[in-house]
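Got a minute to walk through a model together? Have a look first, then we'll take it question by question.

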Number of protein chains: 2
Amino acid sequence: MQVLKANESKPITIYDIAKEAEVSPATVSRVLTGNTNVRKEKRKKVLEIIEKYNFKPNAMARGLSETKSKIIGILVADVRNPFYAELFLACEQAAKLAGYTVMLCNSLNVMEQEEYLLDQMVQQRVDAIIQIGGRVDDLVSNMEYVEKVNQVMNTTPVVVTGKLEGTKCKMVRIDSMKAMELLMEYLISLGHQEIAMVGGSVRVLSTYEKLVQYRRSLQKYHIPYDPDLISAEGSYNVESGYRLMNEMLAKGKRPTAVVAINDFAATGVMHSLLEHGFRIPEDVSVVGYDNTYISQVMNPSITTIDYNYQYFGKCLIEAAIDAIEDRGELLKLVTPSLVIRKSSGAKK
Amino acid sequence: MQVLKANESKPITIYDIAKEAEVSPATVSRVLTGNTNVRKEKRKKVLEIIEKYNFKPNAMARGLSETKSKIIGILVADVRNPFYAELFLACEQAAKLAGYTVMLCNSLNVMEQEEYLLDQMVQQRVDAIIQIGGRVDDLVSNMEYVEKVNQVMNTTPVVVTGKLEGTKCKMVRIDSMKAMELLMEYLISLGHQEIAMVGGSVRVLSTYEKLVQYRRSLQKYHIPYDPDLISAEGSYNVESGYRLMNEMLAKGKRPTAVVAINDFAATGVMHSLLEHGFRIPEDVSVVGYDNTYISQVMNPSITTIDYNYQYFGKCLIEAAIDAIEDRGELLKLVTPSLVIRKSSGAKK
DNA sequence: GATAAAGTTGAAAGCGGTTTCGCAGATAAA
DNA sequence: TTTATCTGCGAAACCGCTTTCAACTTTATC
């Protein structure tokens, strides 16, 4: 026997609405979905009652019925990194405009987590998955992961910000070459020749691309290439920038400008330089990437590369929806721009 | 007439599994839910086939059937703020351990958005909502918002990190008094007497509590209270810390220690002080709140208050689950701790 | 070995929407 | 007025799972 609790207020359903409006559930559903075949008076009445009870149709029921959730899953490496946070926020906004909800997951950059979360999203029956960071950043794609994503792609399209060789993932990617070109043209125009690159890892696609462009830019201006000015066997955080810069200075290298792999690394680089008695930007110019608020917060504020997160996010969502509807381009490049602040200046 | 597309690979269902395992769908469901009443051999066979197809049960169907989604909605003001990002991440982890998924929404601190997102979450039939930041931070609760939340609470429990007077929301809150007490005891022990408070707004609960404790601590040590050392008519960002500190210095005030309302404001305060020729910490000690990486990134690194995000998030999820199951305490305080770094030192 | 108790299993009824189908009434065409 | 077309709407099937119920097997008890 069922005992009713007093405050067991079951959520209202279209049946309740239908009864009170003296129509069939089908009609209520019609007004809910915007189907036009409902007489004006009935539509009005139904809407009034929906309003009265602040009725919200059960998304699970709707999703089950339509076999689509209207959710886009977003898998990032770590929202605590403002780069991901900015991008997620932009996706959230763009998704909303397109009638989608967004579901965020953090992999903390461990592959098992990424695989687990892909499964999790499949289980939620998200309509598409956008992966930002993690395995899709790899210069050479991980076979096991490729296999996993291919399995996922059987039912759910996947969009990535890097690449995943051996899959048909759509790609929306920052034009890292262009970004590095902007930085190099800028620094060289300021008279710099001894330009260092610090932080990151060559096994990451975007970093690799930056290195390629670095050499291209040097060549263009006939500046000799010194491998000791490249230090990309680290990570993307403060500590790494700090350590690698220290090491480079210890080797006796004295660059007049440093391109850090991102804003975090840039702060580490700056700490190192300051500790060694260099002034920024008087003695050494430092630039970063990502235009996170870190670059504004620091003293001096950091010259960096901006991606227009709003636009980037919009492109990602568009790609996801294109993927859902089985159309659209395979690769899209987002053009970065230069943000000049206080950490860079003319070579003295 | 239905035309089948070649690669229209419909996701597999328990019926498919059932057929291949030569059992009924009910049995498949039983093994899925861990129901014990299935003979060992059958269970094994079913599991094998599930494994073979990498079958993931449709969460919407399951949710609809069980009338619960196993999703906890998390409404934050802005993930780009590392405080929220940390907390969200901690919630995500804790939720996972408890068998829940988490759904993040950003209100950007505008009430219409908060209300809209509450509705959105209700529509998704999340099992509970955790609101972190936004209207729940207000010292005096907004009536309209209270009404909205009460309406939501008809169907979905809400947990807040602040308070919402006139609702039965569970609260999990940082002990801001304790936090300020730690800071004041520390600074006073270093010999500081002219201690300023910069940033934030008294209309925010936690800030109000900090101010209350500030005065208490002064009283305890018989230090005179100078209202001009309080500047809490601003916001929680860098710019605000910078501006308010400038104003205070312009008034001729010369505190030997500054408590900034959070790490962002602290960086603004530091910029202002440095520009005015003060050294940190030799001339002025600066402390912040939140122990975000900003406080590690800055030079000097910032002494701050830590909340143990991991634990905080766990408490939030526990409170949410307690709320779902209609039990547990109404209010829980999380105890903060002091993290001493380079931005503070003895009064010279 | 008979009987009671416990363990297994499938059929079927939901969960709350959407959509197809067909009927009835309204409107247009003949 | 009759016939054809269109519009509005309800009945019912379906989306993919869980769970109740009843029937059927096993196992335990005496």
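Q: What volume does the largest cavity have?
A: This is a predicted model, where local features need pLDDT of at least 70, side-chain atom pairs count only at pLDDT 80 or more, and totals for chains, interfaces and linings use all residues. Residues are numbered from 1 along each chain as its sequence is written, chains are lettered from A in the order in which they are written, and side-chain values use heavy atoms, with hydrogens and water left out. A cavity here is a set of points on a 1 Å grid over the protein atoms alone where a 1.4 Å probe fits but cannot get out; points are joined across faces, edges and corners, and the volume is the space filled by probe spheres set on them. For the largest cavity that comes to about 110 Å³.

Q: Which residues line the largest cavity?
A: Lining residues have an atom within 4 Å of a point. The lining divides into six nonpolar, four polar and no charged residues, with Ala, Ile and Met counted as nonpolar and Asp, Glu, Lys and Arg as charged. The residues are A59(A), M60(A), S69(A), I71(A), Q124(A), A59(B), M60(B), S69(B), I71(B) and Q124(B).

Q: Which residue of chain B comes closest to the rotation axis?
A: Chain B lands on chain A with an RMSD of 0.1 Å after a turn of 180° and a shift of 0.0 Å along the axis, superposed by least squares on C-alpha atoms of residues with pLDDT of at least 70 in both. That is how a two-fold axis relates copies. At 2.4 Å (C-alpha), the chain B residue closest to that axis is M60(B).

Key:
On a 1 Å grid over the protein atoms alone, a cavity is a set of points where a 1.4 Å probe fits but cannot get out, and a pocket is an open set with protein on both sides within 12 Å along at least five of seven lines; lining residues have an atom within 4 Å of a point.
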